[in-house]
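Q: Hey, got a minute to walk me through this model? I'd like to start with the strands.

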Amino acid sequence: ADYVWAVSEKAAETLREYGFNGEIKVMPNGTDMRVLTTRQAAEYSARFSKEHDISPNERIFVYAGRVVSVKNLKFSFEVIAELKRRGHRCKFFVVGGGDELEEHKKLASKLGVDDMVIFTGFVGDREALRRYYACADLFLLPSVFDNTPLVVLEAASLGTPSVVPAGSSAAELIEDGATGYCEELNVERWANRIMAIFSDEGKAA
């Protein structure tokens, strides 16, 4: 190759591990998700809360992507279970489909969070996907498989911060505590961090 791009420093490191010694240009992903006006955001939120029976003191968390084990969704369900045990009210929308969808539904039920985890199935309409991002309080992505995931940028463009594993490729996109949150992959630590995020008058940064 005459010219090599990578979407992240982590990806560039992997190329070097493979033996590539040439120059690598890191070119981050971008997104076509349009920013909402204040009025649009309020309208989206009101409609979403009514459609999904969201109470005023209930937080909305979202994941978007394939429903497969490499995305580490089991970890998210365990975090939701821990939050439930602590009395934290929330709903977690899993937006996506895949061969392991039914398996994950059973897992949510086994962990006792099937009343809090809503599986939407595949959503191909970009405007519909935009509404999920826009109405979420947090985007949860515990995957270390993804390489600077586009979904984190999409959520951010709609004003929704992500919680991602510290040290992951996704963490390259985030200034911890300012543009999102990076936390060690530990259920209690994620639950603690999420509750701390909302401790300031119930609003995320």
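A: Sure. Strand β4 (residues 90-95) runs parallel to β5, and 4 bridges join the two. Strands here are DSSP E runs of at least two residues, helices are H or I runs of at least four, both numbered from the N terminus, and two strands pair if DSSP finds at least two bridges between them.

Q: Which residue stands opposite F93?
A: I118 in β5.

Q: Before I go on, what kind of model is this?
A: Predicted: local features need pLDDT of at least 70, side-chain atom pairs count only at pLDDT 80 or more, and totals for chains, interfaces and linings use all residues. Residues are numbered from 1 along each chain as its sequence is written, and side-chain values use heavy atoms, with hydrogens and water left out.

Q: OK, what's the strand order in the open sheet?
A: β5-β4-β3-β6-β7-β8, so 6 strands with parallel pairing. β5 (117-121) and β8 (181-183) are at the edges with a single partner strand each, so one side of each has no neighbour in the sheet.

Q: And the twist?
A: It averages 25° from one strand to the next, using lines fitted to C-alpha atoms and angles from 0 to 180 degrees between N-to-C directions.

Q: New topic: how many disulfides?
A: The whole structure has 0, counting cysteine sulfur pairs within 2.5 Å. For C90, the nearest cysteine sulfur is that of C135, 16 Å away.

Q: Is C90 buried or exposed?
A: Buried, at 2% relative accessible area; buried means under 20%, exposed over 50%, partly exposed in between (1.4 Å probe, protein chains only). C182 is buried too, at 13%.
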